[in-house]
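Grab a pencil and try these short exercises. Each task comes with a solution that goes step by step.

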Amino acid sequence: MPGRLARCAAATAVLLPLLAAGSPAAGSARSGAGALQESFAAAARQYGVPESVLLGVAYLESRWDAHEGAPSVAGGYGPMHLTDLRAATGESGGRGTQTVRRAARLSGIPAARLRSDPTANVRGGAALLADHGRRLGAARAGGAAGWYPAVAAYAQARDAATARVFADEVYAVLRAGVRRTTDSGETVTLPADAAARTAARTAAAPAAHRAAPAAAECPRELACEWLPAPYEVYGGKDGKPDYGNHDKARRPHDQRVRYIVVHDTEGGYDGSVRAVQDPEFVSWHYTLRSSDGHVAQHVRTGDVAWHAGNWQVNSQSIGLEHEARLTDPDAWFTEAMYRSSARLVRYLAREYDVPLNRHHIIGHDNVPAPDPEHVPDMHTDPGPYWDWAHYFDLLGAPLEPAARTDGGIVTIRPDYAAHRPAYTACAKDAAAPCPPHGSGAVRLRTRPAPDAPLAGDPGLHGDAPASTGVNDTGARASTGQQFAVAGRRGDWTAIWYLGRKAWFHNPAAAPTAIPDEGTTLTPRPGAGPVRVYGRALPEASAYPEGVEPQEPRPLPYELRPGQRYVVGDTMPGEYFHAPGLTDETGAASRVIRGRTLWHQIQVGHRIGYVKAADVTVVRPRSGGQPNV
């Protein structure tokens, strides 16, 4: 295990409802329509495309954002995501990488305008969609249903299964409806149409090759493939044999899967899937492609992948790597990837009984260090630009205020689009400001004032405050995380955070948190400061002969009398022991389970664990159900 932990810690990643403010009623789109809304209407009329279909395709491609003319990682521009990889990267690319040029020929609009002007981009996308429709008979079929093959073809997917997933998601949006304020500040509405059904579904993307039947563990509505990570011996250091890059197990029969961990690759999809097939590298269970949400599985969900940098979290979790760089969300965090990820997580949560909350659906940046030495080494993805609120909407578990609450707990929930805290270090210059962007993270300060020093993480900064660096998690609370209220003053709310009181701006006119309820804990009277750990391990006497006991070492955080923290889970101490390469059943591995009871808490930006014997649990006064 130590070798695997070191490898995980040292490796740098190479790597449907409730869509917005509700489902708008039919006919509401024309009321107060802005320029972008009218652009869709005009383009639909000009090219004979159903307006709802054009809006639905654009929503899946971009959520109607123009990203100020910047391309996505796939070389896509504008609301219709017209692709021009040569203009975006200088590379020629292959099939499907030059839809800008095709749209220019069909519409007569210069390629430069298609890339830079949202109205022209919508017209070019409509011309392209209409051309697919003519070739595939959509115009003759009439109505939204007959456009399914054209929608699938518009995706320019690498395989037919992925094209069908794209089209299915578009039609799901048509049925649900959506209203959203774009990155230009315009509100665009797609009225709900419960009658929007598909016709000729199997005709999707006839030019794409059909993928072989997948052996991947995925919901049927997703396009998944099986690209296995190796399980084999290799030379290792100094010629000493080692193995990689995961462990065989028998989950959930021998150990419960408690977490699903959201990562980003910090690199491209192709490089990431090559890396996970290297026995000397780390591993994860799934990789999701940014451009179309395609899913590849590498490790069986019953087995243990080496992805989190914390052996306990590895043994109790499933890891999803998303093709992205956290400093460039507009290029990478696509709607197609969000929706594929949400479908996959819903499926996995159902299969393994994982609660759909932020105590169990966590980011890599929420995983605790296993010991104090590793606190500075822990990863920070998917970062402050991952839209957790939208993600939980797609999961069917929206973050909403509790019906009954005593006001003692808050759930972080800023308006992602409007909430734009300043970050730095998105580029090589650590002092350079990041481009303004929506964020789901609030910034914490030592006093209720905008000029007060930032809070700090003793494990990262000692006694110094945190920075505004995009990778500095020391003064950050993220959407969906729950904290006990420590005080209120004017527009500011204080929470207990890493053993200290930390304040965030939470004005009534633009709240950044919602009232909630749940179970909390506080140090037991007379117990003194309570230590926080990064692993919930069994007591030494629980380990059988031949298995070296793991000694839990406290992190540099303490809970002091009077402080309260939200309980996310309660569990016995466990340790997954994998002695080395075993047979495919994992029969030689074993789970050591002790009698020591632990509580998982939201101690800071990361979760942590405290011994149940050291604390008193406080149930919600409102009479609601605890959140564990």
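**Exercise 1.** Which residue follows H10, and what is the sign of its phi?

*Solution.* Glycine 177 comes right after H10, and its phi is positive, near 75°. Before going on, note that this is a predicted model, where local features need pLDDT of at least 70, side-chain atom pairs count only at pLDDT 80 or more, and totals for chains, interfaces and linings use all residues. Residues are numbered from 1 along each chain as its sequence is written, and side-chain values use heavy atoms, with hydrogens and water left out.

**Exercise 2.** Describe helix H10 from its start to its surroundings.

*Solution.*
- Step 1: H10 covers residues 160–176; helices here are DSSP runs (H or I, at least four residues), and strands are E runs of at least two, numbered from the N terminus.
- Step 2: At its start, a side-chain oxygen of aspartate 159 comes within 3.1 Å of the backbone nitrogen of alanine 161.
- Step 3: 15 of the 17 residues of H10 are buried (under 20% relative accessible area, 1.4 Å probe, protein chains only), so H10 is largely enclosed by the rest of the structure.

**Exercise 3.** Work out the layout of the open sheet of 6 strands.

*Solution.*
- Step 1: The order is E5-E11-E10-E13-E9-E14, with mixed pairing (two strands pair if DSSP finds at least two bridges between them).
- Step 2: E5 (224–226) and E14 (361–363) each have a single partner strand, so one side of each lacks a neighbour in the sheet.
- Step 3: E9 (residues 259–264) and E14 run parallel, joined by 3 bridges; valine 262 has glycine 363 in E14 as its bridge partner.

Technical notes
The expected span of a helix is 1.5 Å times one less than its number of residues. Buried means under 20% relative accessible area, exposed over 50%, partly exposed in between (1.4 Å probe, protein chains only). A polar contact is a pair of N or O atoms within 3.5 Å; within protein, one must be able to donate a hydrogen and the other to accept it, and residues adjacent in sequence count only if both atoms are side-chain atoms.
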